[in-house]
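Okay, everyone, thanks for coming. Let me get the picture up on the screen, and then we'll walk around it together.

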Amino acid sequence: MSDTLFHKVWDAHAVRTLPSGQTQLFVGLHLVHEVTTPQAFDMMRQHGWRVACPERTFATIDHIVPTLSQRRPFLDVVAEEMSVALERNCRDAGIRLWTPDSDEQGIVHVIGPELGLTQPGMTIACGDSHTSTHGALGAIAFGIGTSQVRDVLTSQCLALDPLKVRRIDVNGRLNRGVYAKDVILTVIRRLGVQGGVGYAYEYGGATIDAMTIDERMTICNMSIEGGARVGYVNPDETTFAYVRGRRYAPSGDAFDRAVRWWKSMASDRDARYDDRVAFDASSVEPTVTWGINPGQSVAVSEPIDAEPEDEALAFMGFRPGARVRGTRIDVAFIGSCTNSRLSDLEAAAEVVRGHHVAPHVKALVVPGSRAVSRAAEARGLHEVFIDAGFEWRGAGCSMCLGMNPDKLEGRQVSASSSNRNFKGRQGSPTGRTLLMSPAMVAAAAIAGEVVDVREVL
Ligand code: SF4
């Protein structure tokens, strides 16, 4: 019977129906990091439980690592303690861990695909909301909380309610200066930040088909910001070409067998969906958030469309009907698991080349992984950024969240390629975040204010 990838993968991993009505779902890959694991391991220790499948569990240190200097011990005592705890827990359990001094360290959602750990047809769990990123390769990937991290460590299973599936078709050609980030911000703006609650989002259509895996990761990454628990793209030749040859990917005959299975897991042409929506890519413009959730966005050419009493306006310092364009920025941040891959840095460097960061702007480029950093340096991108006045940092989550020394101060305004603009997200309770594509961040850094990257290009 024809079905969606979501249901096929779900059924293939369902262990049983629990008395609660939930499904006990086997987790093929568990990615862990330093922030959501210490308590999980402590709880296990108290009960004398062991890690069920260390060979399916992989760890990195990303959230709390400083990006200016990653020498140990970290100056931040809490960060150092968290790192030491993860190192000890991984050593005791036999879990592979990439620390900041290893060549493969990076943001958990960057290194998973990079190393070939993320593969089509998998179930993946990680104690970070943006685990949906891995859906770009045709996996069903769940962000989970600390108690669920404990459950997966102990049993390699999760208790979950099934989801409905919404098909999101994007067709048409993206205009120059418009990127995957603009597409997903437009999707969230239209469907709402709660619009995806209870759903898995399946992205398809000619625009998505034409996207690289990096671009699909940007799209899937922000599914959670639209309320969806999961976001994915059906695996295709682009996916197989991306996975082939990566360290943990199958090779030789095993790869060919895997491709046959991956193809069989893709949604059937006549699969039925619980809902369908369509977007015209050619009408998407460079998009910028003006508010305090990722759905509060606007095309850079448009005025803000909000009720005068909306508290987000007051917090952000905008008047109803004002434009985000022209807003003076203090910080420009290119990074995070949404937009810190090589292609993101290339897009930003195209804007930056030959220009200089405005004198009042602090501008950071934080590659998503050591591998991205090496690849960018091999292409000379670091010199483009450094020559322009950007700081070229070590890999990590950095200013995506205020858990490391990279933080906004006071009421600073940040042009950011990350995924959340909640109050306080970037480390200052009163700091203001404007989400946009890396190219738009680069253009804002140069101009010192939000501009339309299409005019710069
Ligand atoms: S970059 Fe941000 S969203 Fe991504 S894993 Fe790190 S903290 Fe989470």
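Before I point at anything, a word on names: helices (H or I, at least four residues) and strands (E, at least two) are DSSP runs, numbered from the N terminus. Please keep in mind that this is a predicted model, where local features need pLDDT of at least 70 and side-chain atom pairs count only at pLDDT 80 or more, while totals for chains, interfaces and linings use all residues. Residues are numbered from 1 along each chain as its sequence is written, and side-chain values use heavy atoms, with hydrogens and water left out.

Let's begin with helix H2, residues 38-47. Right after H2 comes glycine 48, which has a positive phi, near 75°. Now, which residues of H2 are buried? They are Pro38, Ala40, Phe41 and Met44. Buried here means under 20% relative accessible area, exposed means over 50%, and partly exposed is in between (1.4 Å probe, protein chains only). Look down the axis of H2 and those buried residues fall within an arc of 165°, so they line one face of the helix. The arc is that of the directions from the helix axis to the C-beta atoms. On the face turned away from the buried side, you'll find the exposed residues Gln39 and Gln46. And what covers the buried residues of H2? The cover includes helix H3 (77-93) and helix H5 (146-155).

That takes us to H5. Its buried residues include Val149, Val152 and Leu153. They cover an arc of only 100° around the axis, which puts them on the same side of H5. The buried residues of H5 pack against strand S3 (29-33), H2, S4, S6 and strand S8 (157-160); contact, by the way, means heavy atoms within 4.5 Å. Just after H5 sits glutamine 156, in the loop between H5 and S8. Its phi is near 60°, a positive value in a residue other than glycine. Glutamine 156 is also buried, with a relative accessible area of 1%.

Hop over to strand S7, residues 140-143. Both of its faces are covered: Ile140 and Phe142 are buried on one side, and Ala141 and Gly143 on the other. S7 pairs with strand S6 (residues 123-126) in the parallel sense, over 4 bridges; two strands pair if DSSP finds at least two bridges between them. If you want one bridge to find on screen, alanine 141 in S7 is the partner of isoleucine 124.

Now for the rings. How many aromatic pairs does the structure hold? There are 9. Rings of Phe, Tyr and Trp (its six-membered ring) pair if their centres lie within 6.5 Å; planes under 30 degrees apart count as stacked, over 60 as edge-to-face and the rest as tilted. Take phenylalanine 58 and tyrosine 248: their ring centres are 5.2 Å apart and their planes are at 70°, so this pair is edge-to-face. Phenylalanine 58 is in strand S4 (residues 57-60) and tyrosine 248 is in the loop between helix H9 (237-243) and helix H10 (253-265), so the pair ties together parts that are 190 residues apart in sequence. Is each one buried or partly exposed? Phenylalanine 58 is buried at 9% relative accessible area, and tyrosine 248 is partly exposed at 28%. Ring pairs also bring in Trp98, linking Phe58, Trp98 and Tyr248 into a cluster.

A ring can have a charge over it, too: that counts if NZ of Lys or CZ of Arg is within 6 Å of the ring centre and within 35 degrees of the ring normal. Arginine 190 does this over the face of phenylalanine 279, at 4.0 Å from the ring centre. The charged end of arginine 72 sits over the ring of phenylalanine 74, 5.0 Å from its centre. Between those two in sequence there's proline 73, and the peptide bond from arginine 72 to proline 73 is cis, with omega near -5°. Proline 73 lies in the loop between S4 and H3.

Last stop: threonine 433, in strand S19 (residues 432-435). Threonine 433 is buried, with a relative accessible area of 1%. Its side chain makes a polar contact of 2.7 Å with the side chain of glutamine 426. A polar contact is a pair of N or O atoms within 3.5 Å; within protein, one must be able to donate a hydrogen and the other to accept it, and residues adjacent in sequence count only if both atoms are side-chain atoms.

That's my tour, thanks for listening!
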